Each structure stands twice: as C-alpha cells, then as structure tokens.
Amino acid sequence: MGKNTVTLDAVVKGEDLTVNFNHKYLSDCFQSIPSDSISLQFNGPHKPLVIHGVGDSSFTYLVMPMNR
C-alpha cells in the first residue's frame with residue numbers, strides 16, 4: 001500500500017473531486033491512444049473514469065475507482 005501524487009498541466013471544468021485509481025490501470029492505456037492529448041471524464045465519486053484521445057474517438061478506456 002502506498003501513495004503517489006502527480007501534477008499535470010490541464011484544462012479543468014467542473015467541481016473538485018477526489019477519486020482513487022490504481023496507477024497501473026491508468027498507465028496501461030496511454031500507449032494505445034494515438035493523440036498527444038487525452039481527455040479524462042469523471043462523473044462523480046465512486047464512478048468509473050473514461051479516457052480517450054482529444055479529437056479521436058477511435059479508442060475509449062474505462063477505469064474503475066478503488067475502494068478506500
């Protein structure tokens with residue numbers, strides 16, 4: 001068990017949200033997205049995360065959050 005914090009440049013819309021994900025599941029999809037920028041879509045706490053390339057709908061990745 002551990003903790004990791006990463007800071008990225010981003011354009012953020014919506015309310016603040018705290019969600020926990022397994023970093024391995026997040027990083028697994030990055031090689032499959034042909035875009036230089038990605039979109040992370042959150043629908044609220046305890047809801048899945050949807051990842052896809054900006055301007056490219058050919059690949060969609062769903063990540064389930066971890067329980068606390």
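Phe42 counts as partly exposed, because its relative accessibility is 38%, and buried would mean under 20%. This is a predicted model. Phe42 lies in strand S1. Phe42 also belongs to a nonpolar surface patch, together with Leu17, Phe30, Ile38 and Leu40. The accessible area of these residues together is about 420 Å².

Ser39 sits in strand S1 too, which covers residues 38-42. Ser39 counts as buried, because its relative accessibility is 17%, under the 20% limit. Leaving out residues up to four places away in sequence, Ser39 touches Val50, Ile51, His52 and Val54.

The two S1 residues compare as follows.

| Residue | Relative accessibility | Class |
|---|---|---|
| Ser39 | 17% | buried |
| Phe42 | 38% | partly exposed |

Now the hairpin. S2 and S3 form it, with 2 residues between them. Gly55, in the turn, has a positive phi of about 75°. The strands run antiparallel, and 5 bridges join them. Leu49 has Val63 in S3 as its bridge partner.

Next, the interior. The largest nonpolar core has 7 residues: Phe21, Cys29, Ile33, Leu49, Ile51, Tyr61 and Val63. At least two of these come from strand S2 (49-53), and at least two from strand S3 (56-63).

Val63 is a core member with contacts to Phe21, Tyr25, Leu26, Pro48, Leu49 and Ile51, not counting residues up to four places away in sequence. Ile51 links back to strand S1: Ser39 touches Ile51, and Ser39 is found in that strand.

Key
Residues are numbered from 1 along each chain as its sequence is written. This is a predicted model: local features need pLDDT of at least 70, side-chain atom pairs count only at pLDDT 80 or more; totals for chains, interfaces and linings use all residues. Side-chain values use heavy atoms; hydrogens and water are left out. Helices (H or I, at least four residues) and strands (E, at least two) are DSSP runs, numbered from the N terminus. Buried means under 20% relative accessible area, exposed over 50%, partly exposed in between (1.4 Å probe, protein chains only). Contact means heavy atoms within 4.5 Å. A nonpolar core is a set of buried Ala, Val, Leu, Ile, Met, Phe, Trp, Tyr and Cys residues joined through side-chain atoms within 4.5 Å. Two strands pair if DSSP finds at least two bridges between them. Patches are made of residues with over 30% relative accessible area and no salt bridge: like charges are joined within 9 Å, nonpolar side chains (Val, Leu, Ile, Met, Phe, Trp, Tyr) within 5 Å. Accessible areas come from the Shrake-Rupley method with a 1.4 Å probe; for residues, only the protein chains shown count as cover. A salt bridge is a side-chain nitrogen of Lys or Arg within 4 Å of a carboxyl oxygen of Asp or Glu.
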